[in-house]
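Thank you all for coming; I would like to take a few minutes to walk through one model with you. Please have a look at the sequence and the structure before I start.

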Amino acid sequence: GDTVGGDVYYTATGMLSVPFPGNNFLSNNGVRLFGFANAGTLTGLDNAVNVSSFFRSTRVAVGGGISIGLPLGRAEATYAIPLRSGPRDARRSVQAGIGFTFG
């Protein structure tokens with residue numbers, strides 16, 4: 001197995017985002033709550049040929065977070081719970097990020 005990458009992958013994401021409830025100041029200033037579910041896998045061509053093995057290797061996580069729109073993009077903090085992971089997967093439940101808007 002190639003521990004750095006693979007030849008075939010898929011990802012799927014579902015997300016629901018709402019203005020921050022119960023606080024007009026936060027919701028009027030772009031603060032939002034969101035929930036998400038992610039699924040996907042990465043494998044070599046040898047496992048991709050076997051469809052059942054390919055889908056059995058799928059990782060799944062659900063979570064939620066808070067985000068705010070800023071002039072340069074978006075800042076967010078998330079918490080995720082892995083529902084299905086591999087034995088050698090790195091697990092990070094809490095994450096913060098900044099996304100920039102270009103164009």
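I will go from the overall chain to a few individual residues.

Let me say at the outset that this is a predicted model, so everything that follows should be heard with that in mind.

The protein chain is built from 3 helices and 5 strands, and when one reads along the sequence these elements come in the order β-α-β-α-α-β-β-β. How spread out is the chain, set against a compact globule? The radius of gyration is 17 Å, whereas the globule rule gives 13 Å for 103 residues, and because the value is well over that figure, the chain is more spread out than a compact globule. The C-alpha trace, taken along its principal axes, spans about 55 × 30 × 20 Å.

As for the surface, about 7,500 Å² of the protein chain is accessible, with carbon and sulfur atoms contributing 60% of that area, and buried residues make up 17% of the 103 residues. If we take the contacts with a separation of 6 or more, 50% of them are between residues 24 or more positions apart. The chain carries 8 positive and 5 negative charges, and the mean positions of these two groups are 11 Å apart.

Now to the aromatic residues, where a search of the whole structure turns up 1 aromatic pair. The partners are F34 and F36, whose ring centres are 6.2 Å apart and whose planes meet at 35 degrees, so the pair is classed as tilted. With the cut-off for buried set at under 20% relative accessible area, F34 counts as buried at 7%, and F36 is likewise buried, at 15%.

F34 also leads us to S67, a residue of strand β3, which covers residues 59-70. S67 is buried, its relative accessible area being 6%, and, neighbours within four places in sequence aside, its contacts are G30, V31, R32, F34, R74, A75 and E76.

Finally, let us turn to L72, which lies in the loop between β3 and β4. Is L72 buried or exposed? Its relative accessible area is 61%, and since exposed means over 50%, L72 counts as exposed. Even so, L72 touches G99, F100 and T101, once residues up to four places away in sequence are left out, while L72 and I98, which are 26 residues apart in sequence, have their C-alpha atoms 9.2 Å apart in space.

Definitions and conventions. Residues numbered from 1 in each chain as written. Predicted model: local features only at pLDDT ≥ 70, side-chain atom pairs only at ≥ 80, totals over all residues. Heavy atoms only, no water. Helix = DSSP H or I, 4+ residues; strand = E, 2+ residues; numbered from the N terminus. Rg over C-alpha atoms; globule rule 2.2 N^0.38 Å. Buried < 20%, exposed > 50% of the residue type's maximum accessible area, 1.4 Å probe, protein only. Contact = heavy atoms within 4.5 Å. Areas by Shrake-Rupley, 256 points an atom, 1.4 Å probe, with all protein chains shown as cover. Lys, Arg positive; Asp, Glu negative; His and termini not counted. Charge placed at Lys NZ, Arg CZ, Asp CG, Glu CD. Phe/Tyr/Trp six-rings, centres within 6.5 Å; stacked < 30°, edge-to-face > 60°.
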